[in-house]
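I'm opening a fresh notebook page for a structure I haven't looked at before. The plan is to pick a spot, look it up, and write down what turns up.

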Amino acid sequence: MPKVSSVIVPYASYLRVYEPLAAFPEPERTHWARYARRPERPSYQDELRRSLADLLPTPPVPVPVHESADAFVLDVDGVLCVCPWRTRLRGWRALAELGEELPRPVLEAVLPEVVRRQAAQDYERWLERNPDARPWIRTATWQVPLSWFVLVADEERTYEKGTAEVAPVLRYRTPMVQARRRVARGLRALKDAMDEGPLIDGLLDVGRWLEEFHPRSLVELDYGGLVHAVPAGDLEDDHSARDVADGIAALRGGDGAAAGAAYARLAERWRSVRERRSAN
């Protein structure tokens with residue numbers, strides 16, 4: 001886990017997919033097999049440091065020139081599973097959404113239009129050669145999207161309390177088959193209860209994304225740097241996945257009051273994070 005004293009905090013959460021080594025074609029499979037044998041591998045904080053360092057030159061470098069050859073690696077019941085960073089691809093995608101996150105004067109100060117335009121053109125040319133490319137990692141700033149909580153269950157939750165030197169950890173891990181099953185059940189319950197809404201749209205989107213991976217993959221929801229935006233006591237008591245599951249179950253049973261109560265618990269829990277985002 002990262003040392004608090006050296007953490008560069010982005011208030012971001014992550015949804016990751018770890019695919020079994022057999023899902024990767026050669027020569028990538030051999031690369032990841034060798035990579036997994038390294039005694040030390042970089043963390044997500046290392047990736048952030050590299051990305052932030054690229055923004056310091058003039059002009060800034062919004063997207064890495066070369067794709068990352070790093071990954072997160074897990075042993076899942078004796079099967080080596082890999083989650084490639086694909087930092088360049090994720091950078092292009094994030095850049096396309098940045099206009100919705102920042103006011104135009106701030107965006108211009110951070111990344112001038114000429115830099116953004118060049119990156120967009122580079123991405124278009126790259127997509128023509130790689131039309132089926134997709135990231136193994138999704139990122140959300142200042143929140144964990146409600147649709148992500150649908151994928152996991154409270155009993156899959158891991159919480160590690162932080163210390164003066166080590167940051168806390170809050171994450172969920174679940175088999176891909178379970179995540180897909182929960183998406184399907186959640187969509188049925190939501191569509192029976194309402195015509196449309198952001199949660200339905202989010203579930204449809206994440207469900208399509210999950211279908212692109214090997215069925216024996218592992219799905220991980222990681223609070224990442226968002227743990228620094230939640231008070232320690234609130235973080236330890238955070239059972240948002242259970243609240244989302246309770247709300248969907250209530251909708252399935254036609255109990256609107258119970259569904260509303262579950263949503264109210266979620267809204268109250270995340271109120272301090274929303275207020276902190278507004279303050280910044």
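**Entry 1: starting at a tyrosine.** I began with Tyr-223 and, skipping its neighbours within four places in sequence, listed what it is in contact with: Ala-12, Ser-13, Val-144, Phe-149, Leu-170, Tyr-172, Leu-235, Asp-238, Ser-240 and Trp-270. A note to self before going on: this is a predicted model.

**Entry 2: the cores.** Which residues have the most contacts inside the largest nonpolar core? I found Phe-149, Leu-151, Leu-210, Leu-221 and Tyr-223, in a core of 60 residues. So my starting tyrosine is on that list, and Phe-149, one of its contacts, is there too. Helix α7 gives the most to this core, with 6 residues. Apart from it I noted another core, of 9 residues, with Val-63, Trp-92, Leu-95 and Tyr-123 among them. For background, I jotted down that in soluble globular proteins nonpolar side chains tend to be buried together.

**Entry 3: α7 against α8.** Since α7 came up, I followed it to its partners. Helix α8 covers residues 198–210, and its axis comes within 10 Å of the α7 axis, crossing at roughly 150 degrees. Over 145 degrees counts as roughly antiparallel, so that is what I wrote down for α7 and α8. Their crossing is left-handed. On the α7 side I listed Met-176, Ala-179, Arg-180, Val-183, Gly-186, Leu-187, Leu-190 and Lys-191. They meet Leu-199, Ile-200, Leu-203, Leu-204, Val-206, Gly-207 and Leu-210 in α8. Sorted by class, this contact has 11 nonpolar, 2 polar and 2 charged residues. I also marked Leu-210, since it is both in this contact and on the list of core residues with the most contacts.

**Entry 4: α7 against α10.** Next I took helix α10, residues 240–252, against α7, residues 176–193. The two axes come within 9 Å and cross at roughly 50 degrees. Are they parallel or oblique to each other? They are oblique, and this crossing is left-handed. From α7 I have Arg-185, Gly-186, Ala-189, Leu-190 and Ala-193, which meet Ile-248, Leu-251 and Arg-252 in α10. The residues here divide into 5 nonpolar, 1 polar and 2 charged. Gly-186 and Leu-190 appear in the α10 contact and in the α8 contact.

**Entry 5: two residues of α6.** I then looked at helix α6, residues 146–150, where Ser-147 is found. Is Ser-147 buried or exposed? Its relative accessible area is 7%, so it is buried. Leaving out residues up to four places away in sequence, Ser-147 touches Leu-199, Gly-202 and Leu-203.

Val-150 lies in α6 as well and counts as buried, at 7% relative accessibility. With the nearby sequence left out again, Val-150 touches Arg-182, Val-183, Leu-203, Val-244 and Ile-248. I was pleased to see Val-183 and Leu-203 again, having met them in the α7 and α8 contact. Ile-248 was familiar from the α10 side.

**Entry 6: backbone oddities.** Most residues other than glycine have a negative phi, and most peptide bonds are trans. With that in mind I went hunting for exceptions.

- The peptide bond from Glu-26 to Pro-27 is cis, with omega near 5 degrees. Pro-27 sits in the loop between β1 (12–20) and α1 (28–36).
- Asp-77 isn't a glycine, yet it has a positive phi of about 55 degrees. I found it in the loop between β2 (71–76) and β3 (79–84), and it is exposed, at 79% relative accessible area.
- Arg-86 isn't a glycine either, and its phi is positive at about 50 degrees. Its place is the loop between β3 and α3 (87–101), where Arg-86 is buried at a relative accessible area of 17%. Buried means under 20%, so Arg-86 meets that cut-off.

**Entry 7: two distances.** Last, I compared sequence with space. Asp-132 is in the loop between α5 (113–129) and β4 (137–141) and counts as exposed, at 69% relative accessibility. How far apart are the C-alpha atoms of Asp-132 and Glu-212? I got 9.7 Å, for residues that are 80 apart along the chain. For Val-150 and Ala-23, 127 residues apart in sequence, the C-alpha to C-alpha distance is 25 Å.

Technical notes:
Residues numbered from 1 in each chain as written. Predicted model: local features only at pLDDT ≥ 70, side-chain atom pairs only at ≥ 80, totals over all residues. Heavy atoms only, no water. Axes fitted to C-alpha atoms, helices over the stretch in contact; angles between N-to-C directions. Helix = DSSP H or I, 4+ residues; strand = E, 2+ residues; numbered from the N terminus. Parallel < 35°, antiparallel > 145°, perpendicular 65-115°, else oblique. Left-handed = near helix turned anticlockwise from the far one by under 90°. Contact = heavy atoms within 4.5 Å. Nonpolar A, V, L, I, M, F, W, Y, C, P; charged D, E, K, R; others polar. Core = buried A, V, L, I, M, F, W, Y, C linked by side-chain atoms within 4.5 Å. Buried < 20%, exposed > 50% of the residue type's maximum accessible area, 1.4 Å probe, protein only.
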